[in-house]
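Q: Please take one part of this structure and examine it closely, then follow its links to the surrounding parts. I would like the cut-off behind each term to be stated.

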Amino acid sequence: EILAQRNHSLVEHCRRTANYSTLIAGNLGLDHDSVTTLTHAALLHELPNMRMPFDMGFNSSALTPDQYRVTRAAFDNGLQMISDVPDLDDTATIIRCQHEHFDGTGFFGRLEGEAIPLLSRILAVASAFDDLHSGRNPALLSTDEEAVEWLRKQSATLFDPQIVEACLSLNLMPPRDLRSAADRGQLGPGHDMRVPMIAATL
């Protein structure tokens, strides 16, 4: 509800990210409990951002030290909202560690490689994949092939290479014209976008 009030497109992003996360986790052979925890984290991963100023984000290189402190405090406040819910402590940790980078140059703990929780590494790839797939970050690509190339270039830098390959091996990205039609609601029931709405109950 909080996400929907702020930006309905974020709700849809979280749903898609949950679906991608579930599919990647299945490809990696994760157990049911891990997949359930990951799905919860994916559905809620934008919630801490709701506490941030509209024009700030962790991935902006233009943040001054003061702006970073404001952004970090706002994000931590949002994480606390999740932690305060019974049984969601692990979910908050996954969301926080999503912002770590595989090479150790990320945020918060500067965790590196497998020190980053596996579910956080999956969530980071799934969320970025949706940014590319849905055009949420159009500056990153002009074609689907460039999206794949961008993800592979970020392997071992931003993302775990094994998870990038697990994501791309699913061949989830539809042709751009099909994607645009789906976004406009113009696809009939016979079209399969390869992303089952597992998390459609958000």
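A: A residue is called buried under 20% relative accessible area, exposed over 50%, and partly exposed in between (1.4 Å probe, protein chains only). The part chosen here is α8, a helix covering residues 161–168; helices (H or I, at least four residues) and strands (E, at least two) are DSSP runs, numbered from the N terminus. The model is predicted, with local features needing pLDDT of at least 70 and side-chain atom pairs pLDDT 80 or more, while totals for chains, interfaces and linings use all residues. Numbering starts from 1 along each chain as its sequence is written, and side-chain values rest on heavy atoms, with hydrogens and water left out.

Within α8, the buried residues are I163, V164, A166, C167 and L168. Their cover includes α2, α6 and α7 (144–153). At the N-terminal end of α8, D160 acts as a cap: one of its side-chain oxygens lies 2.9 Å from the backbone nitrogen of Q162. The loop between α7 and α8 holds A156, a residue that is not a glycine and yet has a positive phi of about 70°. Most residues other than glycine have a negative phi. A156 counts as partly exposed because its relative accessibility is 40%.

Two of the helices that cover α8, namely α2 and α6, also pack against each other. Their axes (lines fitted to C-alpha atoms over the stretch in contact, with angles from 0 to 180 degrees between N-to-C directions) come within 8 Å and cross at roughly 125°. This makes α2 oblique to α6; angles under 35 degrees count as roughly parallel, over 145 as roughly antiparallel, 65 to 115 as roughly perpendicular, and the rest as oblique. On the α2 side, the contact (heavy atoms within 4.5 Å) is made by H13, R16, T17, Y20, S21, I24, A25 and L28. On the α6 side, the residues concerned are I122, L123, V125, A126, S127, F129, D130, D131, H133 and S134.

R16 and D130, both part of that contact, also form a salt bridge (a Lys or Arg side-chain nitrogen within 4 Å of an Asp or Glu carboxyl oxygen), with the closest N and O atoms 2.5 Å apart. D130 belongs to α6 (residues 118–134) and R16 to α2, so the pair ties together parts that are 114 residues apart in sequence. With a relative accessibility of 0%, D130 counts as buried.

A further salt bridge joins the side chains of E12 and R15, at 3.1 Å from N to O. Both residues lie in α2 (residues 8–28), 3 residues apart, or about one turn of the helix. The two partners fall into separate accessibility classes: E12 is partly exposed at 24%, whereas R15 is buried at 18%.

H13, one of the α2 residues in contact with α6, reaches another segment as well. Its side chain makes a polar contact with the side chain of E46, at 3.4 Å; such a contact is a pair of N or O atoms within 3.5 Å, and within protein one must be able to donate a hydrogen and the other to accept it, while residues adjacent in sequence count only if both atoms are side-chain atoms. E46 sits in the loop between α3 (32–44) and α4 (65–83). Although it is a loop residue, E46 is buried, at 9% relative accessibility.

Helix α6 has α5 (residues 89–97) as another packing partner, at an angle of about 55° and with the axes 8 Å apart. These two helices are therefore oblique to each other. T93, I94, I95 and C97 of α5 meet L119, S120 and L123 of α6 in this contact. L123 thus appears in the contact with α5 and also in the contact with α2. The loop between α5 and α6 contains R110, whose phi is positive at about 50° although R110 is not a glycine. R110 is exposed, at 53% relative accessible area.

As to the wider setting of α8, the protein has 9 helices and 0 strands. Buried residues make up 47% of its 202 residues. Among contacts with a separation of 6 or more, 63% join residues 24 or more positions apart. The structure holds 7 salt bridges, including the D130 and R16 pair between α6 and α2.
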